[in-house]
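User: I would like to learn how to read the features of a protein model, one at a time. Could we start with the empty space inside?

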Amino acid sequence: MVPSGSLRSIAVMGTPRRTAGHPNPDRLVRLRRDAALERVRSVTKTIAVASVAAVAVLGVYISRAVPGHSSTPTGAATYPSGGGQSTGGGTSAGPSPSSLSAPNSPPAQSQQPTPVVSGSS
Amino acid sequence: MSTQQATSGRSAPEVIYRTSVWSTRVDLIVTDASALVSATRILHDELDRVDRVANRFRADSELNTLHDAARSGVGIEVSPDLYEALAVALRAAALTGGAVDPTVGAAINRLGYDRDFPLLAAGVPGPFPGPLAVPGWRSVVLDAEHSTVVLEPGTLLDLGATAKAWAADRAAEAIADRMGCGVLVSLGGDIAVQQAPEGGFHVGIADICGDPDAPTAVSIDSGGLATSGIGNRHWTLDGRPVHHLIHPGNGLPVESAWRTVSVAAGSCVDANTASTASMVLGEDAVDWLEGVGLPARLVTLDGDVCTVAGWPADPIEPRALRAVPARP
């Protein structure tokens, strides 16, 4: 037994086509509507992608611009940091990683005898 | 061998003890001559403690025990001393964006530096290794609550960039606390100072530790001063010159813009962290040092000197007074 849906399909397929010189007005309307929707979809997609990119760029900019933020070297990304685990897995790693400590005062030039010499060893 | 001598021409008398540890020169200065013997004992106690936990050339060191145990990839409980040494090393890595990375152990072994340095004098046979990034400092996981360490299997640690300076800081602090006098401890040119006399301690700055013809000198009154460079600890591998400063990105000796970098900081560890990082960073080190506010003197491969963040310029004329020579 043939399903009724198949019979409808055959009936539609059997409808004679209209000639190219006389397009169906309904079909033209649908095509114009579809084209317009496609343009809207394209514009919406472009805006969405641009928005995401702008937010990402702004985020990076802000993270670098906030005073007191990380002062790690600019080349930090070139060094391996391992598997991305946080040191200590939520527990302390020991000394605070806040910053390298500056001396109380910078070195002063000396003309005194120097019993100790700092150099590579 | 060790020597003792008194310096002259100072308002405060200083007494020096000099010896050699870890293939490098050790200087201890105290401002109270009567404290020297006790200070020397404290110094060696501290050096022994660090040696027992962090010496990678010592088969029974706790570091090598950790390497063996860590092959299973599970957390290993360590002593407070090793835990602190590792925490100091990871802090240095974090503060330098990974430029100073303790996971370079396997990389430096591939270059032949897997034994005491004097044994490398004759050179090491090849082949010369290719580039291979180190595991990375974040692969080392510390758990302070349980004093455990997790290493990725195969990771070897080299704490050389921080352990020596950390030992200098510990020794200087212990001596000052217990003896109540001014102290300078220098381990291979990594210098820690406590309770400096008026006018500070005077330190020569040169490419090579202990060079009696140091081209410039500074005085420091607190914290630490360290110099990193390629002038001393180098050898040949397969006939090619190599040195001990490893770039974590490729596991090979850094090709730095600098011959020597000297940095002053609030501690010897921070000074040595910054000087080592500067060697790895190359030309970017100038801006970075300015940014973190650490006074530094950088010497290019051609010998040109650059000073930043308040480090005094080199004298135009050669220094009139040279280093005090070591007594034989």
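Analyst: Happy to. A cavity is a set of grid points where a 1.4 Å probe fits but cannot get out, and its volume is the space filled by probe spheres set on those points. Please keep in mind that this is a predicted model.

User: How many cavities of 30 Å³ or more are there?

Analyst: The general idea is that rolling a probe the size of a water molecule over the atoms shows where empty space is left. Here the count comes to one cavity of 30 Å³ or more, and the largest cavity holds about 30 Å³ of space.

User: Which residues line the largest cavity?

Analyst: Its lining is made of B:A89, B:V100, B:D101, B:P102, B:D158, B:L159, B:A161 and B:T162. Sorted by class, the lining of this cavity has five nonpolar residues, one polar residue and two charged ones.

User: And for the open spaces, what volume does the largest pocket have?

Analyst: Unlike a cavity, a pocket is an open set of points. The largest pocket has a volume of about 760 Å³. It is lined by 38 residues, and those closest to its centre are B:D158, B:L159, B:G160, B:A161 and B:K164. Several elements of chain B give two or more residues to this lining: α1, α5 (163–179), β11 (223–229) and α6 (268–281). By class, the pocket lining has 17 nonpolar, 13 polar and eight charged residues. If you go back to the largest cavity, you will find B:D158, B:L159 and B:A161 in its lining too.

User: Let us turn to strands. How do I read a hairpin, and which strand pairs with β2(B)?

Analyst: Strands of a sheet pair through backbone hydrogen bonds, either parallel or antiparallel. In this model, β2(B) and β3(B) pair in the antiparallel sense over seven bridges. As one point to find on screen, B:S20 stands opposite B:R25 in β3(B). Two residues lie between the strands of this hairpin. Burial is worth a look as well: β2(B) is largely enclosed by the rest of the structure, because six of its seven residues are buried.

User: What is the phi of B:W22?

Analyst: B:W22 is not a glycine, yet its phi is positive, at about 55°. You will find B:W22 in the loop between β2 (15–21) and β3 (24–30) of chain B. Its relative accessible area is 25%; buried means under 20% and exposed over 50%, so B:W22 counts as partly exposed.

User: Where else should I look for a positive phi?

Analyst: Try B:A309, which is not a glycine either and has a positive phi of about 55°. B:A309 sits in the segment after β18 of chain B, and at 25% relative accessibility it counts as partly exposed. Just before that segment there is another hairpin to read, formed by β17(B) and β18(B) with four residues between them. In its turn, B:G303 has a positive phi of about 95°. The two strands, β17 (296–300) and β18 (305–308), pair in the antiparallel sense over four bridges, and B:R297 has B:T307 as its bridge partner.

User: How do I read a sheet with edges, and in what order do β4, β5 and β6 of chain B come?

Analyst: In a regular strand the side chains alternate between the two faces of the sheet. The three strands here form an open sheet in the order β4-β6-β5, with antiparallel pairing. β4 and β5 of chain B stand at the edges with a single partner strand each, so one side of each is left without a neighbour in the sheet. Between β4(B) and β6(B) there are two bridges, and B:I76 has B:V149 as its bridge partner in β6(B).

User: Which residues of helix α2 of chain B are buried?

Analyst: An α-helix has 3.6 residues a turn, so residues three or four places apart point the same way. In α2(B), residues 62–69, the buried ones are B:E62, B:L63, B:N64, B:L66 and B:H67. They pack against α1 (36–54), β4 (76–77), α3 (80–95) and β6 (148–150) of chain B.

User: Finally, where is B:P127, and what is its peptide bond like?

Analyst: The peptide bond from B:G126 to B:P127 is cis, with omega near 5°. B:P127 is in the loop between α4 (105–110) and β5 (141–143) of chain B.

Notes:
Residues are numbered from 1 along each chain as its sequence is written. Chains are lettered from A and ligands numbered from 1 in the order in which they are written. This is a predicted model: local features need pLDDT of at least 70, side-chain atom pairs count only at pLDDT 80 or more; totals for chains, interfaces and linings use all residues. Side-chain values use heavy atoms; hydrogens and water are left out. Buried means under 20% relative accessible area, exposed over 50%, partly exposed in between (1.4 Å probe, protein chains only). Contact means heavy atoms within 4.5 Å. Two strands pair if DSSP finds at least two bridges between them. On a 1 Å grid over the protein atoms alone, a cavity is a set of points where a 1.4 Å probe fits but cannot get out, and a pocket is an open set with protein on both sides within 12 Å along at least five of seven lines; lining residues have an atom within 4 Å of a point. Ala, Val, Leu, Ile, Met, Phe, Trp, Tyr, Cys and Pro count as nonpolar, Asp, Glu, Lys and Arg as charged, and the others, Gly among them, as polar.
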